[in-house]
Amino acid sequence: MRITEIAGVKSKFAVQSGLQQLLAFGSLILLIIFFSIASSNFFQFSNLVGILLSTAVIGVLALGSTFVIVTGGIDLSVGTVMTLCSVMTGVFIAMWGLPVWVGIVGGLLTGAVCGFMSGLAIARLGIPPFIATLAMMMIAKGLALVISGTKPIYFTETPVFMKLSQGSLLGDIIPGFDIPNAVLVFFLAAIIGSVLLSRTIVGRYNFAIGSNEEATRLSGVNVRNWKIAIYSITGLFTGVAGILMASRLNSAQPSLGMGYELEAIAAVVIGGTSLSGGKGTIIGTVIGALIMSVLTNGLRILSVPPEWQTVVVGFVILLAVYADNLRRRKA
Amino acid sequence: MDQTLVRMEGIEKHFAGVHALKGCRFDLRAGEVHALVGENGAGKSTMMKVLTGVYRKDEGSIVYKDREVQITDTRAAQKLGIGMIHQELNLAQDLTVAQNIFIGKEPRKKLRFLLDDKEMNKQTAILLKQMKLDIDPTTPVSELTVAKQQLVEIIKAISYDSQVLIMDEPTAALSDSEIDELFRMIAQLKEKGVGIVYISHRMAELKRITDRITVMRDGAYIDTVATKDISIDRIIAMMVGRDIYQPTRPDRQTSEQMEKVLEVRGLTRKNVLHDISFSLGKGEILGVAGLVGAGRTETARAIFGADPIDAGEIYVHGRKVRVTGPHQAVKNGIGYLSEDRKHYGCLLDMDVKTNVALAALGRFRSFLGFMNDKRLARVSDQIVEDLRVKTPGINQKLKFLSGGNQQKIIIGKWLTRDCDILIFDEPTRGIDIGAKNEIYKLLENLAAEGKSIIMISSELPEILRLSHRILVMCEGRITGELMNDHHASQERIMTYATDRFS
């Protein structure tokens with residue numbers, strides 16, 4: 001009797017939890033349908049590719065942020081660390097003339113090291129994530145300006161670097177199917193992130209820490225070290241975003257980057273990941289990032305001024321989190 | 001002097017399946033100190049929470065100053081003049097003494113949105129002076145000693161013109177001279193005609209300052225007696241009661257030949273634990289008894305590495321180990337089951353299989369850190385079957401399981417990790433009677449299989465039923481050790497548990 005009762009609760013819960021995933025995806029589809037009807041320019045191959053391309057950088061940043069947010073933490077430094085990674089890649093390739101792959105590895109490592117340092121400050125020194133990563137945000141911003149001498153670094157000598165995000169591997173194979181590599185990288189990163197979060201031991205601990213850090217610690221899990229690892233993973237994704245960014249602009253722009261972290265967090269939150277930790281999916285974050293860029297793109301096509309676009313995005317964030325709260329209260 | 005302030009009669013209270021108060025009564029006269037005593041879980045706090053509006057009674061009447069009243073919430077109690085001083089202090093550490101006392105009723109200037117700090121400090125100074133306390137009203141509370149903070153809390157309560165003051169273990173954190181100061185203040189309040197309910201486990205104190213004593217046991221009223229007419233032994237006997245339930249004592253081998261699995265020497269944590277030394281044999285259940293605040297949980301957490309220690313050595317299988325965190329304790333085969341399952345024991349929002357595997361996730365890891373979910377599912381299924389956990393499946397979230405089944409999953413977590421030393425902190429707290437017996441059986445089986453168990457419990461029948469040997473703690477010290485033979489009794493344990501050192 002009791003078991004059947006519990007089973008009833010479970011199936012109801014499963015439906016509701018699946019509903020949220022559907023809700024985000026449904027909103028995305030609705031937005032696309034709405035803009036397609038509102039303007040004939042929206043549902044064009046080139047425009048859709050443009051949306052995907054503009055999602056790539058923020059999307060990869062949001063993927064990384066998902067990891068720390070699932071632990072119940074936050075990373076405010078991903079925007080400027082991304083810039084620092086761009087700059088370091090520029091230094092390695094354009095200034096020191098090292099091979100392109102070395103520059104890429106160097107850029108990725110820069111991100112991982114920054115994440116590692118944030119993790120160290122949080123897990124070992126006990127500094128709250130908000131503060132530790134705020135400090136890292138400033139440090140990375142400053143370093144990017146110092147190292148580059150406040151000037152952009154151009155990759156004019158190495159055209160292959162530009163191909164990294166602007167070229168189209170798919171277009172070369174299937175003529176006319178010109179999806180830029182940046183989009184491929186974004187989807188590849190999403191698949192890797194999803195596997196990491198749902199299939200590996202890091203992901204499992206990630207949810208355990210976010211769900212109840214103290215209980216996890218008291219189960220003999222070395223929570224400190226795992227947190228450092230998780231912040232490093234976020235840093236690694238940030239490095240990927242940095243290289244995509246540099247390749248897309250064919251230059252490292254040291255003054256960019258501030259504010260990207262908030263857009264990344266917004267994408268994660270719209271995707272249904274809880275800021276209090278323990279809940280979240282990579283697919284949700286991908287959808288969240290897509291919702292944000294579909295919205296900006298569609299509003300631009302409808303000639304809504306950019307200032308107003310930002311206002312709309314703000315309301316969408318409120319709406320998304322409120323819908324999520326409603327669901328949680330019921331569950 | 002003999003005017004009755006409060007009369008509670010026929011109070012009934014049920015919590016989900018638990019009959020917490022069974023027709024209880026209590027009365028308080030103006031100008032008296034009335035002790036309310038009983039074992040943990042006897043219903044003292046519940047009774048007082050009914051009086052202060054934290055809980056609502058199911059049945060019964062409360063008469064306050066000859067008028068029947070309905071106390072629906074804490075504000076109503078406050079308005080009537082019933083105040084409570086909790087065991088944990090409720091002061092805002094960064095505010096001043098005056099700000100704390102007047103919180104929520106700050107004096108204002110003529111322009112209502114401006115605060116009148118001068119007036120507030122002046123009134124506070126008067127209150128402090130009345131109580132003969134030498135504290136500056138503008139001192140931040142964080143700069144005061146715990147004892148002074150407690151006195152500030154009392155002044156805060158009487159600043160509401162409280163006629164009834166309930167003190168829950170007010171001396172738990174105080175030194176002897178500080179206790180003297182508190183008692184002086186209590187005497188002053190008595191003179192003013194305030195009635196004081198005094199909840200304490202310390203028998204010697206009761207003799208010193210209370211006028212009457214009411215004893216409760218298992219949610220029922222036992223008796224009210226005048227303090228001067230009764231001996232401490234008699235009170236303890238009333239608290240423990242006659243042994244209606246005769247515990248079946250474990251038949252056991254002599255402990256001398258037992259292989260020592262765990263040995264603790266001189267474990268000390270400043271102000272919390274003092275020179276704790278004991279050993280645990282293979283297949284032994286060591287019961288740890290004591291009252292709330294005796295340092296039992298702290299001892300367990302110190303051994304498990306959850307809290308830092310200042311001194312002491314821990315030996316596992318005769319080998320000295322350094323435990324600086326739970327992950328090291330677990331490596332040495334020590335598992336800890338917290339008394340607070342929800343916060344420290346399990347991941348309520350996660351499923352059964354993750355909770356079962358949490359302490360041993362590394363063993364389900366294969367190539368590149370991928371989780372071997374098939375093997376994990378197999379092991380969890382086995383645990384669910386072995387421990388007879390009632391759950392629709394291993395994918396069920398833990399929050400939908402009953403307390404007893406959650407506890408089984410946590411036991412399963414340590415079994416999956418192959419821990420052979422298990423520390424159970426209140427293993428049956430919040431678990432209904434049927435499930436309790438299952439947990440008892442499980443503990444006995446584990447010990448028979450050669451696991452060594454430390455069982456902390458506030459329920460003496462539980463201690464006497466399961467333990468091979470019993471340690472009794474009081475105020476961060478081990479005050480007694482006894483074999484669980486025919487000499488062991490609830491009375492003896494309680495005598496050790498109320499032993500007071502200064």
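These exercises work through a predicted model with chains A and B.

**Exercise 1. The interface**

Task: Describe the contact between chain B and chain A by residue count, buried area and polar links.

Solution:
- Start with the residues. On chain B, 32 residues are in contact with 28 residues of chain A.
- Next, take the area. About 2800 Å² is buried between the two chains. Carbon and sulfur atoms give 64% of that area.
- Now count charged links. The rule finds 4 salt bridges across the interface.
- Inspect a salt bridge. Asp373(B) pairs with Arg199(A), and their closest N and O atoms are 3.8 Å apart. The cut-off is 4 Å.
- Finish with polar contacts. Chain B and chain A share 9 residue pairs in polar contact, both residues at pLDDT 80 or more.

**Exercise 2. The chain B side**

Task: Find which helices of chain B each supply at least two residues to the side that touches chain A.

Solution:
- List the helices. They are H9 (296-304), H10 (326-331), H11 (341-345), H13 (373-386) and H14 (403-416).
- Pick out the largest share. H11(B) gives 4 residues.
- Sort the residues of this side by type. There are 17 nonpolar, 8 polar and 7 charged residues.

**Exercise 3. The nonpolar cores**

Task: Identify which residues touch the most other members of the largest nonpolar core.

Solution:
- The largest core holds 122 residues. Leu165(B) and Leu262(B) touch the most other members.
- Ask what supplies the largest share of this core. Helix H5 (residues 146-158) of chain B does, with 7 residues.
- Look around Leu165(B). Beyond four places in sequence, its contacts include Ile85(B), Ile154(B), Ile158(B), Leu189(B) and Val197(B).
- Another core lies apart from the largest one. It has 72 residues, among them Ala24(A), Phe35(A), Phe42(A) and Val70(A).

**Exercise 4. Helix H1 of chain B**

Task: Explain why helix H1 (residues 44-51) of chain B is described as largely enclosed.

Solution:
- Apply the cut-off: buried means under 20% relative accessible area.
- Name the buried residues. They are Lys44(B), Thr46(B), Met47(B), Met48(B), Val50(B) and Leu51(B).
- Draw the conclusion. Because 6 of the 8 residues are buried, the rest of the structure largely encloses H1(B).
- Check what follows. Just after H1(B), Gly53(B) takes a positive phi of about 85°.

**Exercise 5. Glu462(B)**

Task: Decide whether Glu462(B) is buried or exposed, and find its side-chain partner in a polar contact.

Solution:
- Place the residue. Glu462(B) sits in helix H16 (residues 460-466) of chain B.
- Read its accessibility. The relative accessible area is 2%, so Glu462(B) is buried.
- Find the partner. The side chains of Glu462(B) and Ser457(B) are joined by a polar contact of 2.9 Å.
- Add the surroundings. Beyond four places in sequence, Glu462(B) also contacts Pro427(B), Thr428(B), Tyr440(B) and Met455(B).

How values were computed. Residues are numbered from 1 along each chain as its sequence is written. Chains are lettered from A and ligands numbered from 1 in the order in which they are written. This is a predicted model: local features need pLDDT of at least 70, side-chain atom pairs count only at pLDDT 80 or more; totals for chains, interfaces and linings use all residues. Side-chain values use heavy atoms; hydrogens and water are left out. Contact means heavy atoms within 4.5 Å. Buried area is the accessible area (1.4 Å probe) that two parts lose on being put together, summed over both. A salt bridge is a side-chain nitrogen of Lys or Arg within 4 Å of a carboxyl oxygen of Asp or Glu. A polar contact is a pair of N or O atoms within 3.5 Å; within protein, one must be able to donate a hydrogen and the other to accept it, and residues adjacent in sequence count only if both atoms are side-chain atoms. Ala, Val, Leu, Ile, Met, Phe, Trp, Tyr, Cys and Pro count as nonpolar, Asp, Glu, Lys and Arg as charged, and the others, Gly among them, as polar. A nonpolar core is a set of buried Ala, Val, Leu, Ile, Met, Phe, Trp, Tyr and Cys residues joined through side-chain atoms within 4.5 Å. Buried means under 20% relative accessible area, exposed over 50%, partly exposed in between (1.4 Å probe, protein chains only).
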